[in-house]
Amino acid sequence: VRQIHLQRKHILIFVLLSLLGLLAQAYRAHFFFKAVGIDISIPILIITTTIMDFLSMLPSPPAAIGTTEWYTNIIYTIGLGISKNSVASIVLITHAINLFFIATLGFGSMISIGQGLFTSFSLNGRSVSGQKTDLAGNL
């Protein structure tokens with residue numbers, strides 16, 4: 001009985017975290033639209049970000065290159081009547097900010113484990129520099 005209660009508690013936590021993430025996405029979109037001079041209400045943005053989350057489950061190429069752009073354009077241009085130029089600028093701003101955060105976190109992670117951009121590291125028993133390494137990555 002205790003396990004069932006813990007599972008219900010975890011499900012509630014997961015649902016609340018999901019809702020918090022959805023609100024964060026909607027507010028992020030709100031600020032991006034404000035940046036290009038478009039005012040859209042938060043409830044509409046919650047619906048559109050939910051639709052985009054569902055569409056992101058469709059099969060896509062690596063890094064979802066291309067798919068984000070077309071369904072963002074469909075939702076905001078056809079669905080809400082916003083100009084393609086405004087939507088395209090929002091997509092570019094989003095990509096630039098995401099790239100900055102991903103690169104910063106990636107480089108920070110590499111530095112924290114003692115790796116740099118030009119140091120060799122092990123990949124499937126081979127170092128990137130081409131020298132043979134053991135499973136632990138030792139030369």
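Accessible areas here come from the Shrake-Rupley method with a 1.4 Å probe, and for residues only the protein chains shown count as cover. Show the surface of the whole protein: the accessible area comes to about 10,300 Å², with 71% of that belonging to carbon and sulfur atoms.

A bit of housekeeping: this is a predicted model, where local features need pLDDT of at least 70, side-chain atom pairs count only at pLDDT 80 or more, and totals for chains, interfaces and linings use all residues. Residues are numbered from 1 along each chain as its sequence is written, and side-chain values use heavy atoms, leaving out hydrogens and water.

Next, switch to cartoon. You'll see four helices and two strands, running α-α-α-α-β-β along the sequence. (Helices, H or I of at least four residues, and strands, E of at least two, are DSSP runs numbered from the N terminus.)

Now colour by pLDDT, the predictor's confidence in each residue, from 0 to 100. The protein averages 81, and 77% of the residues score at least 70. Select residues 42–55, helix α2, for the highest mean, 91, then 126–127, strand β2, for the lowest, 55. Where pLDDT is low, don't read the predicted coordinates in detail.

On to helix α4, residues 84–112. Its 29 residues should span 42 Å at 1.5 Å a residue (times one less than the number of residues), and its end C-alpha atoms are 41 Å apart, which agrees. Which residues of α4 are buried? Pick S86, V87, I90, V91 and T94; buried means under 20% relative accessible area (1.4 Å probe, protein chains only). Last stop, just after α4: G114, with a positive phi of about 85 degrees.

Technical notes. Buried means under 20% relative accessible area, exposed over 50%, partly exposed in between (1.4 Å probe, protein chains only).
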